[in-house]
Amino acid sequence: MNIAMLGSGFIARFYATSLHAQRRLDKITMVYSRQIENAEKFAEDFNLENFTSSMEEAIEHPKVDLVIIALPNHLHEEAVRISAQAKKPVLCTKPLGRTAEEAKRMLSMVENAGVFGGYLEDLCYTPKFLKSLESINNGTIGKVIWTKSREAHPGPHSDWFWDKEKSGGGAIIDLACHCVEISRNFIGKNIKPLEVMCWADTQVHPIEAEDHAIGLVKYANGAIGQFEVSWAFRGGMDLRDEVMGTEGSIWLNNFLRTGFEMFSTGQADGYVAEKAEVNKGWMFPVGDEAHDLGYPNMFTDMFTAIEEGKTPLESFYDGYVVNAILDAAFKSAQSKQWEPVVLEDWRGDDEVIEDKTLVSYDDDYFLIKEEVLPNQDIKVILKHKETQELIQRIITKQ
Ligand SMILES: NC(=O)c1ccc[n+]([C@@H]2O[C@H](COP(=O)([O-])OP(=O)(O)OC[C@H]3O[C@@H](n4cnc5c(N)ncnc54)[C@H](O)[C@@H]3O)[C@@H](O)[C@H]2O)c1
């Protein structure tokens, strides 16, 4: 496929590095940037045929088969509108919209035009994430009852992120969009998110938006998805997830302290990893940053889905659901109450599944807990099925 890249900044460069690595077939042939000199520099760096400072020209160019949106949040909708009009498949970076209303309009634009809309949620494509999801779907950890996803760093790298009007918010819109979608995948995308409780504050930076937030998303099956996001964390980029299931647990550390540590006295200046704050002393580099952040798997899924006429793992619809959850988080941070997730367009399971886990021990009792004691006796805690009485029994090792 011949790709038009819209934007020439941070994420556009990450995407281009992933797309042009390892002898991949799909190539960027055109770049749009507001300032022509930035477009030209990007084209030179990635050896592209064309560059322009007109978004329409980039999208409508006859040699372009597909559009990637790597622009600030307030420009996503306009870019989707032009792509849908041109009937070209479009992949949009996160967050899809600044609000669910905006995301819903974008979803309608691609669906009404009959074009492919892929949501570039890279953290749902990291090797560790995909392996975890496969294990969860195989039943390895039982029913997922709680997930926690954390993304925290010292703050983003461009002015527009800090402008609430352009970005749509602070750490919630920028980082919780990742955390919410990670949790949704682990809990099950067909399970309806019901309500959100969120604390948010501006603790450090002189901005209107929040630079730190913690939220709980309650799902229809009783599961809870927790997010922790910050633009005030010092020490690099902290990307961690935890999943608690009835039969097991998963802990994921994606970026800092992943088993690769390097010391330098600081003789050479250099890039260490995204948002790393130091380049001397003990540092935590990342082996293959693009791959560890999920970009190559993400593009492979997108291009394969287009070819096979399928829906990718992350679509515009997912982006819309994420925005609806974030809208409720912003509301809750204001009201200090649980706020409902308003989903005008819900395509998953509708019924509330109250899946309370009752494990039968024998005809009379449910099993609450079993534990091997230091002397190797086994202690079981039981609840009577009719009287509800709680008892314990000790099974002595023979
Ligand atoms: N992990 C991820 O998926 C990830 C990481 C970073 C950023 N992003 C997303 O990518 C998008 C871009 O972020 P970035 O980090 O590349 O930002 P950036 O500031 O580094 O780059 C933005 C690009 O848009 C251009 N631009 C800025 N204002 C413009 C305007 N008014 N009109 C036209 N062009 C304009 C800039 O010149 C630059 O080319 C955002 O939606 C952001 O949330 C995603």
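## Briefing: sheets, helix packing and ligand shell

An open sheet of seven strands, with mixed pairing, runs in the order β12-β11-β7-β10-β9-β8-β15 in this predicted model. The edge strands of that sheet are β12 (248-253) and β15 (339-340), each of which pairs on one side only. The protein is divided into domain 1 (2-121), domain 2, which is made of the two segments 124-290 and 314-340, and domain 3 (359-395). The points below take up the strands, the helices, the ligand shell and the backbone in turn.

**Domains**

- Taken over C-alpha atoms, the centres of domain 1 and domain 3 are separated by 59 Å.

**Strand pairing**

- Within the seven-stranded sheet, where β10 and β9 follow one another in the order, strand β9 (residues 212-219) and strand β10 (residues 224-230) pair in the antiparallel sense over seven bridges.
- In this pairing His212 stands opposite Ser230, a residue of β10.
- Another open sheet is formed by four strands in the order β16-β17-β18-β19, and here the pairing is antiparallel.
- At the edges of the four-stranded sheet lie β16 (359-360) and β19 (390-395), and each of these strands pairs on one side only.
- Strand β18 (residues 378-384) is joined to the edge strand β19 by six bridges, the two strands running antiparallel, and Ile381 stands opposite Gln392 in β19.

**Helix packing around α11**

- Helix α8 (residues 171-187) packs with helix α11 (residues 316-335) at an angle of about 120°, and the axes of the two helices are 10 Å apart.
- Because of this angle, α8 counts as oblique to α11, and α8 passes α11 in a right-handed crossing.
- Helix α5 (residues 100-113) also packs with α11, in this case at an angle of about 165° and with the axes 8 Å apart.
- The angle between α5 and α11 is over 145 degrees, and therefore α5 is roughly antiparallel to α11.
- The crossing in which α5 passes α11 is left-handed, whereas that of α8 past α11 is right-handed.

**Shell around the ligand**

- The ligand is surrounded by 20 residues, and the closest of them are Gly9, Phe10, Ile11, Arg34 and Ser158.
- Helix α1 (residues 10-19) gives the most to this shell, contributing three residues.
- When the shell around the ligand is sorted by class, nine of its residues are nonpolar, eight are polar and three are charged.

**Backbone details**

- The peptide bond that joins Lys94 and Pro95 is cis, with omega at about -15°.
- Pro95 has its place in the loop between strand β5 (90-93) and α5, the helix that packs roughly antiparallel to α11.
- Gln22, a residue other than glycine, has a positive phi value near 50°.
- The place of Gln22 is in the loop between β2 (27-32) and α1, the helix that gives the most to the shell around the ligand.

Conventions. Residues numbered from 1 in each chain as written. Predicted model: local features only at pLDDT ≥ 70, side-chain atom pairs only at ≥ 80, totals over all residues. Near = placed C-beta within 6 Å. Nonpolar A, V, L, I, M, F, W, Y, C, P; charged D, E, K, R; others polar. Domains from an automatic or database assignment. Pairing = 2+ DSSP bridges. Axes fitted to C-alpha atoms, helices over the stretch in contact; angles between N-to-C directions. Parallel < 35°, antiparallel > 145°, perpendicular 65-115°, else oblique. Left-handed = near helix turned anticlockwise from the far one by under 90°.
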